[in-house]
Amino acid sequence: MKEYLEIFDEHNQPTNQQLLRREVHASGHWHRTAQVYVFNYRNELLCNLRSPAKDLFPMLWDVSIGGHLAPGESYKACALRELGEELGLKPEPENLEFITTTKIDGQDKVAQLLDREHAGIFLYRTNLELADFNFQKEEIVKLQYLPLNKVKASLRAAAPEIQFIPLQQHYLSNLALIEQHL
């Protein structure tokens, strides 16, 4: 199935265009995504190792669960859908806390793709243990709860212990905002 994304300008205004996902990333068009930062009751962050089949940033650790908004979809609807698809969760909408919308201007140098996103950032708290998640094997290789200080230290390190998607400043800014809500 071909995945079309709605195109936006740099200021998150619609351009009334839809393009194939691959074309969006090849050409660097702005589009929308939702990112959900999942924390457990110990304030540990749920991180996921991306599948080797991913077109962007395969086999790197990600600090959030998320994906692209379908044309006409809201940030919150996408965040809820992605929690269902990627983790097997069916959270109540009121349990998903909107934090902010932010811009990401990233590049996967290995795949030679541009990732320009207007990302809706959300916080979701859960009491689930790792074994309780029914994660999507096509998207995720492994899940791990990590202490927030360890995640931030890896994001700041010149030679990090954990290889995250190379959007360190974006993640650190989001985590600083999210910490105010924990």
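Colleague: Which elements do the buried residues of H4 pack against?

Modeller: In this predicted model, the buried residues of H4 make their packing contacts with S3, S4, S5, S7 and S8, and also with helix H3, which covers residues 148-156.

Colleague: And which residues of H4 are buried?

Modeller: The buried ones are His 170, Tyr 171, Leu 172, Asn 174, Leu 175 and Ile 178.

Colleague: How does the span of H4 come out against what its twelve residues should give?

Modeller: Helix H4 runs over residues 168-179, and at 1.5 Å a residue its twelve residues should span 16 Å, which agrees with the 16 Å between its end C-alpha atoms.

Colleague: What about H2, how far does that one reach?

Modeller: H2 has 13 residues and reaches 18 Å from its first C-alpha to its last, close to the 18 Å expected at 1.5 Å a residue. Just after H2 comes Gly 88, which takes a positive phi of about 75°.

Colleague: Which of the H2 residues are buried, and what do they pack against?

Modeller: Tyr 75, Cys 78, Ala 79, Leu 80, Glu 82, Leu 83, Glu 86 and Leu 87 are buried in H2, and the buried residues of this helix pack against S3, S4, S6, S7, S8 and S9.

Colleague: S8 was in both packing lists. Is that strand enclosed or open, and why?

Modeller: S8 is largely enclosed by the rest of the structure, because ten of its 13 residues are buried, that is, under 20% relative accessible area.

Colleague: Which strands does S8 pair with, and in what sense?

Modeller: With S3 the pairing is parallel and runs over ten bridges, whereas with strand S7, residues 96-108, the pairing is antiparallel and runs over twelve bridges. To place these in the structure, His 31 has Glu 117 of S8 as its bridge partner, and Thr 102 has Ala 119 of S8.

Colleague: What does the turn between S7 and S8 look like?

Modeller: S7 and S8 form a hairpin with four residues between the strands, and in that hairpin Gln 112 takes a positive phi near 55°.

Colleague: Which residues other than glycine have a positive phi in the other loops, say S3 to S4 or S4 to S5?

Modeller: Asn 43, in the loop between S3 and S4, has a positive phi of about 60° although it is not a glycine. Phe 57, in the loop between S4 and strand S5, has a positive phi near 55°.

Colleague: Are those two buried or exposed?

Modeller: Phe 57 is buried, with a relative accessible area of 4%, while Asn 43 counts as partly exposed because its relative accessibility is 31%, which lies between the 20% and 50% limits.

Colleague: Switching topic, how much space is in the largest pocket, and what lies nearest its centre?

Modeller: The largest pocket holds about 650 Å³ of space and is lined by 36 residues, of which Arg 21, Lys 54, Gly 66, Gly 67 and His 68 lie nearest its centre.

Colleague: What is the character of that lining, and which elements supply it?

Modeller: The lining divides into 14 nonpolar, nine polar and 13 charged residues. Elements that each supply at least two of its residues include strand S1 (4-8), helix H1 (21-27), strand S6 (65-68) and helix H2 (75-87).

Colleague: Last one: where is Asn 127, and is it buried or exposed?

Modeller: Asn 127 is found in the loop between S8 and strand S9, residues 140-147, and at 61% relative accessibility it counts as exposed. The C-alpha atom of Asn 127 is separated by 17 Å from that of Glu 86, a residue 41 positions away along the chain.

Definitions and conventions. Residues numbered from 1 in each chain as written. Predicted model: local features only at pLDDT ≥ 70, side-chain atom pairs only at ≥ 80, totals over all residues. Heavy atoms only, no water. 1 Å grid on protein atoms, 1.4 Å probe; cavity = no way out; pocket = protein on both sides within 12 Å on 5 of 7 lines; lining within 4 Å. Points joined across faces, edges and corners; volume = space filled by probe spheres on them. Nonpolar A, V, L, I, M, F, W, Y, C, P; charged D, E, K, R; others polar. Buried < 20%, exposed > 50% of the residue type's maximum accessible area, 1.4 Å probe, protein only. Pairing = 2+ DSSP bridges. Expected span 1.5 Å × (residues − 1). Contact = heavy atoms within 4.5 Å.
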